[in-house]
Amino acid sequence: MGVEEELLLVDPDTGLARSVAEAVVGPSEGSGPEELSQEFQREQVETGTRPCVRADDLAVQIRNRRQRAADRAREAGAEVAALGTSPLAVEPSLTPESRYRRMAAEFGLTAQEQLTCGCHVHVQVDSDEEGAAVLDRIRPWLPVLTAMSANSPFWQGNDSGYRSYRSLVWGRWPTAGPYDPFGSADGYRQTVHSLLATGTILDEGMVYFDARLSRHWPTVEIRVADVCLDADDAVLLALLVRGLVETAAREWRAGRPPAPVPTSLLRLAGWRAARSGLEGQLLDPGTCRPVPAEDAVRTLLGHLAPALDDAGDLRTATDLTERLLARGNGARIQRSVVEGGGGLADVVAEAVKHTLV
């Protein structure tokens with residue numbers, strides 16, 4: 001498994017997003033999965049871990065990458081904050097790369113306003129056939145991951161009313177969100193070919209499904225999460241995603257068909273997760289009926305328990321889940337600053353501290 005995190009670059013005094021990605025990344029960076037790299041907007045950078053097996057190794061790598069990004073940002077007069085969106089109002093500035101310019105020209109305000117930070121988890125699969133089978137079987141469980149990682153309640157200086165407003169902003173792209181079952185690797189490739197044949201998206205990199213087969217690595221890539229404020233939550237997310245992939249692969253090998261959940265219901269479940277986070281109700285992945293968010297999280301953990309146990313991850317995942325439920329996700333922590341009398345600049349300052357804990 002490996003984790004990619006997008007981090008917001010902010011002014012250390014005002015909390016405003018700063019367009020200094022080129023200085024943070026530097027001319028020699030961005031050449032591989034371990035490097036800092038630029039993203040769509042100049043107010044953000046992306047980090048990536050090496051592939052790893054052990055949870056403790058992953059935790060060290062995530063923290064090291066965050067620290068490295070912070071060190072480079074400070075050299076450029078900025079800080080990094082693991083925030084899904086900028087709490088303060090911002091007019092993003094596009095990274096001057098030809099593909100991004102084409103996207104901006106084609107997609108207008110959707111591209112212009114697209115300053116969001118997510119967390120993408122890659123898990124190795126043995127083949128595209130296994131990968132497509134996994135994608136078909138993890139669909140109902142992905143909204144719970146959105147709820148657990150929710151870390152973007154503020155948008156353009158306002159409380160959005162959501163826990164993961166990033167999810168809604170990201171959903172503006174034409175291919176973003178839940179997907180129909182593919183049936184096979186050929187079915188996946190045909191779906192991608194059909195999307196490209198419409199001429200609506202520029203390339204395969206714009207296939208923004210909630211989960212997809214990686215174009216560059218032998219992995220399934222799960223893309224529903226906000227960047228996690230707490231590094232421990234990013235570790236938990238990766239362990240749960242690996243458990244999901246392994247559980248789904250076992251179901252496929254055993255001949256168990258995917259749950260026949262309509263994509264329309266999955267879209268609704270994703271919206272509910274973005275709205276509620278871990279507060280209020282989510283849709284149960286098995287019944288698509290409302291349940292307390294904590295119940296949905298425990299249902300997910302129970303579903304994954306055999307795979308987590310076999311990987312030696314069950315105790316770690318359980319402990320990290322209990323901590324998350326007790327503490328709250330990033331959205332809860334952000335809002336608690338405001339509820340305690342702080343302003344949105346204070347939210348950013350608190351996020352900068354949490355990012356490097």
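Student: Looking at Cys119, is the residue buried or exposed?
Tutor: This is a predicted model, so the number is computed from predicted coordinates. Cys119 counts as buried because its relative accessible area falls under the 20% cut-off. The value for Cys119 is 0%.

Student: How many disulfides does the structure have, then?
Tutor: A disulfide is a covalent bond between the sulfur atoms of two cysteines. A search over the whole structure turns up 0 disulfides.

Student: Which cysteine has the sulfur nearest to that of Cys119, and how far away?
Tutor: The cut-off for a disulfide is 2.5 Å between the sulfur atoms. Cys119 is in no disulfide. The nearest cysteine sulfur is 5.3 Å away and belongs to Cys228.

Student: What about Cys288: where is it, and what is its phi?
Tutor: Cys288 sits in the loop between strand 10 (281-283) and strand 11 (290-292). Cys288 counts as buried, at 15% relative accessibility. Its phi is positive although the residue is not glycine, with a value near 60 degrees.

Student: And Gln156, what is its phi?
Tutor: Gln156 belongs to the loop between strand 6 (154-155) and strand 7 (158-159). Gln156 is partly exposed, at 30% relative accessible area. Here too a residue other than glycine has a positive phi, near 50 degrees.

Student: On to charges: which side chain of opposite charge is nearest to Asp136?
Tutor: Asp136 is in helix 4 (residues 128-138). The residue is buried yet has no salt bridge. A salt bridge needs the N and O atoms within 4 Å, and the nearest candidate is 4.9 Å away: Arg137.

Student: Which backbone nitrogen lies 2.8 Å from a polar atom of the Asp136 side chain?
Tutor: Start with the contacts of Asp136 beyond four places in sequence: Pro181, Phe182, Gly183 and Pro258. One of these also supplies the backbone nitrogen 2.8 Å from a polar atom of the Asp136 side chain. That residue is Phe182.

Student: How many salt bridges does the structure hold?
Tutor: Side chains of opposite charge can pair when their charged atoms come close. Arg212 and Glu221 form one such bridge, with the closest N and O atoms 2.9 Å apart, and both residues are buried. For the structure, the count is 28.

Student: How far apart in sequence are Arg250 and Asp310?
Tutor: Arg250 and Asp310 form a salt bridge, with 2.8 Å between the closest N and O atoms. The pair links distant parts of the chain, helix 8 (residues 231-253) and helix 10 (residues 293-310). Arg250 is partly exposed at 30%, whereas Asp310 is exposed at 56%. The separation is 60 residues.

Student: Which residues are linked with Arg250 and Asp310 in a network of salt bridges?
Tutor: The network includes Arg250 and Asp310. The other members are Glu130, Glu246 and Arg253.

Student: How close do the N and O atoms of Glu322 and Arg298 come?
Tutor: Glu322 and Arg298 form a salt bridge. Glu322 is in helix 11 (residues 314-327) and Arg298 in helix 10, so the bridge ties together parts 24 residues apart in sequence. Both are partly exposed, Glu322 at 34% and Arg298 at 35%. The closest N and O atoms are 2.5 Å apart.

Student: Where does pLDDT stay under 50?
Tutor: The protein averages a pLDDT of 96, and 98% of the residues score at least 70. One stretch stays under 50, and the model has 15 contacts for it beyond four places in sequence. That stretch is residues 28-34.

Notes. Residues numbered from 1 in each chain as written. Predicted model: local features only at pLDDT ≥ 70, side-chain atom pairs only at ≥ 80, totals over all residues. Heavy atoms only, no water. Helix = DSSP H or I, 4+ residues; strand = E, 2+ residues; numbered from the N terminus. Buried < 20%, exposed > 50% of the residue type's maximum accessible area, 1.4 Å probe, protein only. Lys, Arg positive; Asp, Glu negative; His and termini not counted. Polar contact = N/O pair within 3.5 Å; in protein donor to acceptor, adjacent residues only side chain to side chain. Contact = heavy atoms within 4.5 Å. pLDDT = per-residue confidence, 0-100.
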